[in-house]
Amino acid sequence: DGIVRSGNQTVIEWDLDAPYDFTCDLRGPGVNETFAHDGEVAPAFPSSAPRPSVGSVTTGNLESLSIFQMSCTDSEGLGISFQEELTVEVIPSISEE
């Protein structure tokens with residue numbers, strides 16, 4: 001969970017490390033991203049370690065409490081899926097006169 005000032009953006013980062021192929025959607029105010037995770041073992045990793053998927057996206061300007069949800073479903077037909085949720089609290093900007 002995070003906090004930003006009203007009218008500001010924030011960066012949402014992810015790091016998915018799983019031995020299966022997934023298609024993931026990240027949704028929320030100003031964010032509509034889809035990415036694929038390749039669960040195959042990377043040559044540079046030990047034989048038991050899948051290749052991690054790391055990424056980030058910058059939100060639009062946030063004006064109120066914002067909830068972002070990442071939903072992933074396996075691409076291999078195994079019926080594996082999961083969801084993660086991130087809440088960003090937005091606090092008012094203060095201007096001095």
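How much accessible surface does the protein have, and what share of that surface belongs to carbon and sulfur atoms? The total comes to about 6300 Å², with 46% belonging to carbon and sulfur atoms. These areas come from the Shrake-Rupley method with a 1.4 Å probe, and for residues only the protein chains shown count as cover.

Before the close-ups, a word on the model: it is predicted, so to speak of a local feature takes a pLDDT of at least 70, side-chain atom pairs count only at pLDDT 80 or more, and totals for chains, interfaces and linings use all residues. Residues are numbered from 1 along each chain as its sequence is written, and side-chain values use heavy atoms, with hydrogens and water left out.

**View 1. The whole chain: seven strands and zero helices.** Starting at the N terminus, the elements run β-β-β-β-β-β-β. Helices (H or I, at least four residues) and strands (E, at least two) are DSSP runs, numbered from the N terminus. Of the 97 residues in the protein, 28% are buried. Here buried means under 20% relative accessible area, exposed means over 50%, and partly exposed is in between (1.4 Å probe, protein chains only). Take the contacts between residues at least 6 apart in sequence: 61% of them join residues at least 24 apart. A contact means heavy atoms within 4.5 Å.

**View 2. Inside the largest nonpolar core, which has 17 residues.** C24, L26 and M70 touch the most other members of this core. Strands β2 (11–16), β3 (22–28), β4 (31–37), β6 and β7 (81–91) each give two or more residues to it. A nonpolar core, by the way, is a set of buried Ala, Val, Leu, Ile, Met, Phe, Trp, Tyr and Cys residues joined through side-chain atoms within 4.5 Å. Look at M70: leaving aside neighbours within four places in sequence, M70 is in contact with W14, C24, D25, L26, F35, F82, Q83 and E84.

**View 3. Two aromatic pairs are found in the structure.** W14 and F35 are stacked, at 4.6 Å centre to centre and with 15° between the planes. This pair links distant parts of the chain, since W14 sits in strand β2 and F35 in strand β4, 21 residues apart. Both W14 and F35 are buried. The rings of F22 and F82 make an edge-to-face pair, because their centres are 5.4 Å apart and their planes are at 70°. F22 lies in strand β3 and F82 in strand β7, so this pair ties together parts 60 residues apart in sequence. F22 counts as buried at 2% relative accessibility, while F82 is partly exposed at 26%. For the terms: rings of Phe, Tyr and Trp (its six-membered ring) pair if their centres lie within 6.5 Å, and planes under 30 degrees apart count as stacked, over 60 as edge-to-face and the rest as tilted.

**View 4. D74 meets two backbone nitrogens.** D74 is in strand β6 (residues 66–74) and is buried, with a relative accessible area of 9%. A polar atom of the D74 side chain lies 2.9 Å from the backbone nitrogen of G79, and there is a distance of 2.7 Å between a polar atom of that side chain and the backbone nitrogen of I80. Not counting residues up to four places away in sequence, D74 touches D21, F22, G79 and I80.

**View 5. The side chain of H37 reaches the backbone oxygen of A18.** The distance here is 2.9 Å. H37 is part of strand β4, and with a relative accessible area of 2% H37 is buried. A polar contact is a pair of N or O atoms within 3.5 Å; within protein, one must be able to donate a hydrogen and the other to accept it, and residues adjacent in sequence count only if both atoms are side-chain atoms.

**View 6. D25 and R27 form a salt bridge.** A search of the whole structure finds one salt bridge. The closest N and O atoms of D25 and R27 are 3.4 Å apart. D25 is partly exposed at 27% relative accessibility, and R27 is partly exposed too, at 34%. The term means a side-chain nitrogen of Lys or Arg within 4 Å of a carboxyl oxygen of Asp or Glu.

**View 7. I91, in strand β7, meets residues from the other end of the numbering, including I3.** Leaving aside neighbours within four places in sequence, I91 is in contact with I3, V4, R5 and S6. The C-alpha atoms of I91 and N8 are 10.0 Å apart, with their places 83 residues apart along the chain. I91 counts as partly exposed, at 27% relative accessibility.
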